[in-house]
Amino acid sequence: MTGTVTAVSSNGEYTFTKPNRSSITLIAGLGVEGDVHAGVTVRHRSRVAQDPTQPNLRQVHLIHEELFAELGREGFRVLPGDLGENITTSGIRLLDLPVGTLLHLGDEAVVEVTGLRNPCLQIDHFQSGLLKRVVGRDEAGNVVRKAGIMSVVVSGGTVRPGDAIRVELPDEPHRPLDRV
């Protein structure tokens, strides 16, 4: 299974959106160099308030570009970086990957998938009604989160738009993604 990096984004300050960059550098065990969410322990404000010593399982946020097209058909305008992701992808069904999947990004960088992003109310501050489109329920009443996946950096390297993504699934049995 392969895909493509379509955009990369980072921000050194706490803001909801992240500006696009020509490249980002991933640092093993930390995240995106210069990004506010990089670190060994949690950096997301709500997680820090709960327990600042928790391991940071949300070092790199990835979203599939196909979500933006889906949201566009529903009247929303969402572009790469708008939802705070670091890497926008195409061609990979990110939400279907199991925990522990390795994503090889470009020539060197590798991230390990840890779980699903748990969307928050800030999404509705960005565009009213958007939260209901990225988190909802399926026919069985189970919560469905579509706002991307989270990962940790296993091997560092530079990632650029146009880089290939190679998916390496973990050994079975596969564990489905849950929020982290």
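## A salt bridge between Arg93 and Asp96

Arg93 and Asp96 join their side chains in a salt bridge, with N and O 2.6 Å apart. Arg93 itself is exposed, at a relative accessible area of 62%. Do keep in mind that you are looking at a predicted model.

In total, the structure holds 4 salt bridges. Side chains of opposite charge can pair when their charged atoms come close. Two further examples follow, and both involve helix H2 or the loop that follows it.

## Two bridges across the sequence

Take Lys146 and Glu70: their salt bridge brings the closest N and O atoms to 2.6 Å. Lys146 belongs to the loop between strand S10 (143-145) and S11, while Glu70 sits in helix H2 (residues 65-73), so this pair ties together parts that are 76 residues apart in sequence. Lys146 is partly exposed, with 22% relative accessible area, and Glu70 is also partly exposed, at 23%.

Arg133 and Glu74 make another salt bridge, in which the closest N and O atoms are 2.8 Å apart. Here helix H4 (residues 131-134) supplies Arg133, and the loop between H2 and strand S6 (87-90) supplies Glu74, so the pair ties together parts that are 59 residues apart in sequence. Arg133 counts as partly exposed at 37% relative accessibility; Glu74 is partly exposed with a value of 37%.

## Lys18, a buried lysine

Is Lys18 buried or exposed? Lys18 is buried, because its relative accessible area is 5% and the cut-off for buried is under 20%. Lys18 is found in the loop between S1 and strand S2 (20-21).

What does the Lys18 side chain meet there? One polar contact runs to the side chain of Asp35, at 2.8 Å, and another to the side chain of His37, at 3.2 Å. Leaving aside residues up to four places away in sequence, Lys18 touches Asp35 and His37 along with Ser9, Ser10, Asn11, Gly81, Gly84, Glu85 and Asn86.

## The aromatic pair

The loop that carries Lys18 also holds Phe16. The structure has 1 aromatic pair, and Phe16 forms it with Phe126 in a tilted arrangement: the centres are 5.7 Å apart and the planes make an angle of 40°. Phe126 lies in helix H3 (residues 122-126) and Phe16 in the loop between S1 and S2, so the pair ties together parts that are 110 residues apart in sequence. Phe16 counts as buried at 17% relative accessibility, whereas Phe126, at 27%, counts as partly exposed.

## The nonpolar cores

In soluble globular proteins, nonpolar side chains tend to be buried together. In this model the largest nonpolar core has 24 residues, and those with the most contacts inside it are Leu26, Ile87, Leu103, Leu105, Ile149 and Val159. Two or more residues each come from strands S1 (2-9), S3 (24-27), S5 (60-64), S7 (102-105), S8 (109-116), S11 (149-155) and S13 (164-168). S8 gives the largest share of this core, 4 residues.

Which residues does Ile87 touch? Not counting residues up to four places away in sequence, Ile87 is in contact with Val5, Ala7, Val8, Ile24, Val60, His61, Leu62, Ile63, Leu105 and Val159. Apart from the largest core lies another one, of 13 residues, including Leu71, Ile123, Leu130 and Leu131.

Definitions and conventions: Residues numbered from 1 in each chain as written. Predicted model: local features only at pLDDT ≥ 70, side-chain atom pairs only at ≥ 80, totals over all residues. Heavy atoms only, no water. Core = buried A, V, L, I, M, F, W, Y, C linked by side-chain atoms within 4.5 Å. Buried < 20%, exposed > 50% of the residue type's maximum accessible area, 1.4 Å probe, protein only. Contact = heavy atoms within 4.5 Å. Polar contact = N/O pair within 3.5 Å; in protein donor to acceptor, adjacent residues only side chain to side chain. Phe/Tyr/Trp six-rings, centres within 6.5 Å; stacked < 30°, edge-to-face > 60°.
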